[in-house]
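Student: Please take a close look at one part of this model with me and explain each term as you go.

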Amino acid sequence: MAHNQPVRSVDRRFSTTAFEYPGYYIAQAHGVVRGITVRNPNAGKAILAGFASIGGGESSTYVEMAEKARERAFLRMLEHAAAAGGNAVIGVQFTGQEIMEVMSYGTAVTLVPLPQQQPQPQQQQQQVYSPSPYQQQPQQQPQPQQQQQQVYSPTSYQQQPQQAFSPGGPTR
């Protein structure tokens, strides 16, 4: 491939660590895609980082190198996804060996926007006549309730009548 030709790539906004993308459905999966890079610091940076590591703490040289490696691996993964026919990458993850090797991988998919639901026209509600709360309403006669109570035993599913409790013991 010539270096002067632009490389087609998936838009980075359509990459996610999730396995779905809100507002879209997965129309087709194109398989696993990856991007890999191996970085080595130049001799001068390696010597300076070696002296810095003697004192302990974070090495800005290696942090910068690791960030550049992650970004390059990520971009290569997006290019691989476009070459596979996808317009998005789901399930994105990174892995690496120490600082020198970084790999980004995920699943290339074709996302399609979910159909937009058209808002339903609101139906006009009919006004229901409501009498004034100050007018007396005819009162309904209360229905007599039968007071038949059934007691169920927690130890069986069959209905069992129970005797009333008597402080002096069972009644005969």
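Tutor: Let us begin inside helix α2, where Glu67 and Arg70 sit three residues apart, so about one helical turn separates them. A helix here is a DSSP run of H or I with at least four residues, a strand is a run of E with at least two, and both kinds are numbered from the N terminus. The model is predicted, so local features need pLDDT of at least 70 and side-chain atom pairs count only at pLDDT 80 or more, while totals for chains, interfaces and linings use all residues. Residues are numbered from 1 along each chain as its sequence is written, and side-chain values use heavy atoms, with hydrogens and water left out.

Glu67 and Arg70 form a salt bridge, with 2.8 Å between their closest N and O atoms; the term stands for a side-chain nitrogen of Lys or Arg within 4 Å of a carboxyl oxygen of Asp or Glu. Side chains of opposite charge can pair when their charged atoms come close. Glu67 has a relative accessibility of 48% and therefore counts as partly exposed, and Arg70, at 36%, is partly exposed as well. On this scale, buried means under 20% relative accessible area, exposed means over 50%, and partly exposed lies in between, with a 1.4 Å probe and protein chains only.

The structure holds four salt bridges, and another of them joins Lys68 to Glu64, whose closest N and O atoms are 3.2 Å apart. These two residues of helix α2 are four residues apart, which means that about one helical turn lies between Lys68 and Glu64. Lys68 is partly exposed at 44%, and Glu64 is partly exposed at 41%.

A further salt bridge reaches out of the helix, from Glu71 to Arg12, with the closest N and O atoms 3.0 Å apart. It links distant parts of the chain, because Glu71 belongs to helix α2 whereas Arg12 lies in the segment before β1, 59 residues away. Both ends are partly exposed, Arg12 at 40% relative accessibility and Glu71 at 32%.

Now turn to the residues of α2 that are buried, which are Met65, Ala66, Ala69, Ala73, Phe74, Met77, Leu78, Ala81 and Ala82. They pack against β1, β2 and β3, where contact means heavy atoms within 4.5 Å. The helix, residues 60-83, lies across these three strands and runs at about 135° to β1; such angles, from 0 to 180 degrees between N-to-C directions, use axes fitted to C-alpha atoms, for helices over the stretch in contact.

The strands under the helix form an open antiparallel sheet in the order β1-β3-β2, and two strands count as paired if DSSP finds at least two bridges between them. β1 (24-38) and β2 (88-97) each have a single partner and stand at the edges, so each has one side without a neighbour in the sheet. On average, neighbouring strands are turned by 10° against each other, with direction ignored. Between β1 and β3 (residues 101-113), the antiparallel pairing runs over 13 bridges.

Finally, consider the length of the helix. The expected span is 1.5 Å times one less than the number of residues, so the 24 residues of α2 should span 34 Å, which agrees with the 35 Å between its end C-alpha atoms. After α2 comes Gly85, which has a positive phi near 105°.
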